[in-house]
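This report describes selected features of one protein model, from its sheet to its backbone geometry. Please read it alongside the sequence and the structure shown here.

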Amino acid sequence: MSDFRPTLRPALGAKPVISSPAVSLSALPEGVVIHVIVKPGESDVASFLDCLAKRAALTVRSLSPGQWFIIGEKPMAYQDMKDLVDGLEPRASGVDQSHGRVRIRISGKLSRRVLSKGTAVDLAPGSFPVAQSATTLIGHIAAHITCVDADTFEIIVLRGFAESLWDDLARMSAEFG
C-alpha cells in the first residue's frame, strides 16, 4: 500500500489580492457550497432555507426558480453536512458542490463598472440591489453573481474556470489602478 496522500490546494491559493482605491479583487475561502433543488410545488422555501442555514452559520443565495446555493466560509464536518442535507428533506435535496465551486469577491466603488465589461446583466443599484443574484456569463465563463453589499459582489464559478475568470477580472480591473 502506498503512503501517497493527495494534497488539496485552493484553486486560487497563489493569487494575491488585487487592490486599489477603486476596486479590490480577492479569493474567498473554499468553505461550503451546497446546491439545493426544491421539489415542485413547495411554498415559502426561501424562509425555510434561511432558517436552516442560519442554524449552521451559513448563507443562502438564490440561483434560479426552485434552486439555491447554501454557502459558508469554512468546510463542514461530514456529520454536520449530513445533518444539513437531511434537514432539507422532504422539501428539497442538497448536493455538496464545495469541491467543484470557487468564490471570488470584487468590491469597491467601480466594481460594477468592472463587472459590466464582462456581463450583460444590468448591475445598476436600482436593477441589481443587495441580495440580488443572477446566473450569467462573464466573458465566456458561466458564473453566479450576488450583490452582497452596496459595491461588493460574490462570484461563484466552477473550479476549472476559476483561474481564467480571475485573470479576466484582473485585466478588466487594470484600468482602475
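Burial is judged by relative accessible area: a residue is buried under 20%, exposed over 50% and partly exposed in between, with a 1.4 Å probe and protein chains only. The model is predicted, and local features need pLDDT of at least 70, side-chain atom pairs count only at pLDDT 80 or more, while totals for chains, interfaces and linings use all residues. Residues are numbered from 1 along each chain as its sequence is written, and side-chain values use heavy atoms, with hydrogens and water left out.

**His144 and its surroundings**

His144 has a relative accessible area of 2% and is therefore buried. This residue belongs to strand β9, which covers residues 141-149. Strands (E, at least two residues) and helices (H or I, at least four) are DSSP runs, numbered from the N terminus. The side chain of His144 reaches the backbone oxygen of Ser62 at 2.7 Å. This is a polar contact, that is, a pair of N or O atoms within 3.5 Å; within protein, one must be able to donate a hydrogen and the other to accept it, and residues adjacent in sequence count only if both atoms are side-chain atoms. Contact in the wider sense means heavy atoms within 4.5 Å. Leaving aside residues up to four places away in sequence, His144 touches Arg61, Ser62, Leu63, Phe69, Ser133, Ala134, Thr135, Glu154, Ile155 and Ile156.

**Sheet and hairpin**

Two strands pair if DSSP finds at least two bridges between them. Six strands make up an open sheet with antiparallel pairing, in the order β1-β2-β7-β10-β9-β8. The edges are formed by β1 (18-19) and β8 (133-138); each has a single partner strand, so one side of each is left without a neighbour in the sheet. Strand β8 is joined to β9 by six bridges, and the two run antiparallel. Within this pairing, Thr135 has His144 in β9 as its bridge partner.

Strands β4 (residues 59-64) and β5 (residues 67-72) also pair in the antiparallel sense, over five bridges. Here Thr59 has Ile71 in β5 as its bridge partner. The two strands form a hairpin with two residues between them, and Gly66 in the turn has a positive phi of about 80°.

**Backbone geometry in the loops**

Most residues other than glycine have a negative phi, and most peptide bonds are trans. Two residues that are not glycine depart from the first pattern, as tabulated below.

| Residue | Phi | Loop | Relative accessibility |
|---|---|---|---|
| Asp44 | about 50° | between β3 (32-38) and α1 (45-55) | 58%, exposed |
| Ala131 | about 85° | between α3 (111-116) and β8 | 59%, exposed |

A cis peptide bond, with omega of about 0°, joins Glu89 and Pro90. Pro90 is found in the loop between α2 (78-88) and β6 (92-96).

**Cysteines and a charge over a ring**

How many disulfides does the structure hold? The count is zero, where a disulfide is a pair of cysteine sulfur atoms within 2.5 Å. Cys147 is buried because its relative accessibility is 0%, whereas Cys51 is partly exposed at 47%.

Arg91 lies over the face of Phe48, at 4.6 Å from the ring centre. A charge sits over a ring if NZ of Lys or CZ of Arg is within 6 Å of the ring centre and within 35 degrees of the ring normal.
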